[in-house]
Amino acid sequence: MADYYHSVTLDAEKCKGCTNCIKRCPTEAIRVRDGRAWIFEERCIDCGECIRVCPNHAKLAVTDSLDLVKAYPKSVIIPAPAFMGQFPTPDPGVVLSALRLIGFDEVYEVALAADAVSMAMRRYLKEHSSPRPLISSACPAVVRLIQVRFPALLDHLIKLESPMEMAAKIAKDTLGPEHGVFFVSPCPAKVTAIKQPVGRDKSAVDGAFSMSAIYAECLRQMEHAARAPLIPKASGYGMGWGRSGGETTIMGRDSLAVDGIHQCIKVFEEVERDKLAGLDFIEAQACVTGCVGGCLAVENPFVARVRVRNLAAERGAHGEEATPGLEQRLKSDYFTYLSEVKARPVLRLDDDISRAIDKLRQLEAVEDQLPGLDCGACGAPSCRALAEDIVRGYADEMDCVLKLRERVHGMAEEIVDLARHLPRSMGMKSHTQQSEDDDGEAG
Amino acid sequence: MNDARPNNDSRIVLEFRIKGMDFTTAGEAATGIKRTMTQLGMPADMIRRVASATYEAEINVVIHAHRGCLVAKIGPERIEICVEDEGPGIPDIDLAMQDGYSTAPTHVREMGFGAGMGLTNIKRCVDQMHLDSVVDKGTTLRLLFFSKGRE
């Protein structure tokens, strides 16, 4: 269990043990036990669905404290493109300036790195013969979803680093390695991608702050920032990454954008059946509306999406020539993953297929005996999930409230039977009497 | 429409019923079989081959037949899938196996189905395939997949 880091965690004090989160989790990673939720660490993909749905705000995304900046001689803040959608100001330069005024030496736009990654992705599409459609690896929750639920699609993933990772790398390469690099994150998945990256051993990002916390800090600096705005360098392409549909704008006609983790699952099922082989590219984002819909964002996701779209349109598209050093970086595999992305087969019942078959047959037999209401009162998201837990040894049939009621009912009947039964010492008379009484009742 | 039956050999048996022209439930067999295979920890490439072929076979029943039944027998080394339908049958199986040959009605083609690649795509995914058909009665399609070693 210690093998996994997760940004998504539980505030046990606030959790009331309701069933909202267990029902919503795309990998069935949550169970309610002892009046509170528990997360199966190996299954959680940090998508943040449970954070969004929890009525008690008991699920939270752990981010770093701003104090972390003090541990570095110099600091760079790198805002996600979605951050620009949080403010009504039409000038992203003001926001960049406000970010620096919070107390950073430099600001580097993730959107600028997204410009470079966009061009690298276009090249990747041209040069790689890996199976189509290619799937963007920019959303870390989606990458983890594929590892857990769609291992057959790992070959489709574009093995290029995300704009966030590239922004940190470029910032360190150009400004100096003594710089601590800090990301303004819209979601817990990105935080996990920094603490426990896929595709590399260590992230170039040194810390992640919650977008909502940084938003509050920025508001205090806005007036000052408006007098001395910075000049944004990213093009509309890079800025567009903050919302769903941003990547497909770059990747051309034969590309599809899907947002919302449950919709992503449906599209991946189509890919798995080879129904979408005519497509070149899929942009898949775990949050509805894309990164602006992240659970650490402040603004209404749909409002923010329009802002990002308009900002991107105003900035316009840039070509490869607008990204300095691109050619050299492409040649040196600057953007590519350093290590393999492996499947996380945590859903399988046993390491051995024959034993797994036995367990699955037990599971089906147990499921047959359950009421099929999927009420969640047992703490598992569905009757089938409870059956699975029983077979795995995590739960008991009596966790089902209806099974329990059935058993209590049976016991109550037995008690009534016993109460009617008179000891032999009290004579045959009473036995006869009783049967006469029974006849009387029946008549 | 999924019904798992206990059986004596060490296989999982899944049964699905398929209705002609019911496009909304088409794919349930493929999804159900995939879920089972994932829980059994079967190799990813095999999951993929079985899911693709099953979906194509389901769609064939939906487009061409009145109704059908799909039975999957899943064992550690091999998976057998049998799709039986009641429908018009296939008069010329060799012709039906050719790429791009389709008898799907126009309104089905307009929905993006019935491009005449169904059987070809199935063939590409399976290790063995057998097609039997009686005109005006129905068609039986048997598919066999072997596990090519664990990952």
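In this predicted model, the buried residues of helix α3 of chain A pack against a varied set of elements of chain A: the strands β5 (74-79), β6 (106-107) and β8 (179-185), and the helices α8 (211-227), α9 (236-240) and α12 (301-315). Helix α3(A) spans residues 92-101 and is mostly covered, with eight of its 10 residues buried. Those buried residues are Pro92(A), Gly93(A), Val94(A), Val95(A), Leu96(A), Ser97(A), Ala98(A) and Leu99(A). At the N-terminal end of α3(A), Asp91(A) acts as a cap, with a side-chain oxygen 2.7 Å from the backbone nitrogen of Gly93(A). After α3(A) comes Gly103(A), which has a positive phi, near 135°.

Helix α8 of chain A, one of the elements against which α3(A) packs, also contains Ala213(A). Ala213(A) counts as partly exposed because its relative accessibility is 40%. Between Ala213(A) and Val298(A) there are 9.3 Å in space, C-alpha to C-alpha, although the two are 85 residues apart in sequence. Helix α8(A) also holds Glu217(A) and Arg220(A), three residues apart, about one turn of the helix. These two residues form a salt bridge in which the closest N and O atoms are 3.8 Å apart. Glu217(A) has a relative accessibility of 22% and is therefore partly exposed, whereas Arg220(A), at 63%, counts as exposed.

Other salt bridges occur elsewhere in the structure, and a search over all chains finds 31 of them. Side chains of opposite charge can pair when their charged atoms come close. In helix α2 (residues 49-53) of chain A, Glu49(A) and Arg52(A) lie three residues apart, about one turn of the helix, and their side chains meet in a salt bridge (3.5 Å, N to O). Glu49(A) is buried at 7% relative accessibility, while Arg52(A), with a relative accessible area of 35%, is partly exposed. Both residues belong to a network of salt bridges that also includes Arg24(A).

A further pair, Glu327(A) and Arg123(A), meets in a salt bridge at 2.9 Å, N to O. Glu327(A) lies in helix α13 (residues 326-331) of chain A and Arg123(A) in helix α4 (residues 110-127) of chain A, so this pair ties together parts that are 204 residues apart in sequence. Glu327(A) is partly exposed at 39% relative accessibility, and Arg123(A) is buried, with a relative accessible area of 16%.

A buried polar side chain can be examined in a loop of chain A, the one between β7 (134-135) and α5 (140-149), where Ser136(A) is found. Its relative accessibility is 2%, so Ser136(A) counts as buried. A polar atom of the Ser136(A) side chain lies 3.1 Å from the backbone nitrogen of Ala138(A). Leaving aside neighbours within four places in sequence, Ser136(A) is in contact with Leu157(A), Glu247(A), Phe281(A), Ile282(A) and Glu283(A).

The view may now widen to whole domains. Chain A is divided into domain 1 (8-61), domain 2 (66-133 + 156-223 + 233-243 + 289-331) and domain 3 (349-443). The contact between domains 1 and 3 of chain A takes 10 residues from domain 1 and 15 from domain 3. These two domains bury about 900 Å² between them, 41% of it on carbon and sulfur atoms. On the domain 1 side, Lys23(A), Arg31(A) and Arg33(A) lose the most area to domain 3, together 47% of what that side buries. Three salt bridges are counted between the two domains. Arg33(A) also takes part in a salt bridge with Asp389(A), at 3.9 Å between the closest N and O atoms. The elements giving two or more residues to the domain 1 side are α1 (20-24) and β2 (30-33) of chain A, and β2(A) gives the most, with four residues.

The last contact to consider is that of chain A with chain B, which takes 27 residues from chain A and 31 from chain B. The two chains bury about 2,500 Å² between them, 52% of it on carbon and sulfur atoms. Arg273(A), Ile353(A) and Arg361(A) supply 28% of the area that chain A buries against chain B, more than any other three residues. Four salt bridges are found across this interface, and the side chains of Lys34(B) and Glu272(A) meet in a salt bridge at 3.1 Å, N to O. The rule also finds 13 residue pairs in polar contact between the chains, both residues being at pLDDT 80 or more. On the chain A side, α11 (261-272), α14 (353-369) and α15 (383-392) each supply at least two residues, and the largest share, eight residues, comes from α14(A). By class, this side has 12 nonpolar, two polar and 13 charged residues.

Note on methods. Residues numbered from 1 in each chain as written. Chains lettered and ligands numbered in written order. Predicted model: local features only at pLDDT ≥ 70, side-chain atom pairs only at ≥ 80, totals over all residues. Heavy atoms only, no water. Domains from an automatic or database assignment. Contact = heavy atoms within 4.5 Å. Buried area = accessible area lost by both parts, 1.4 Å probe. Polar contact = N/O pair within 3.5 Å; in protein donor to acceptor, adjacent residues only side chain to side chain. Nonpolar A, V, L, I, M, F, W, Y, C, P; charged D, E, K, R; others polar. Buried < 20%, exposed > 50% of the residue type's maximum accessible area, 1.4 Å probe, protein only.
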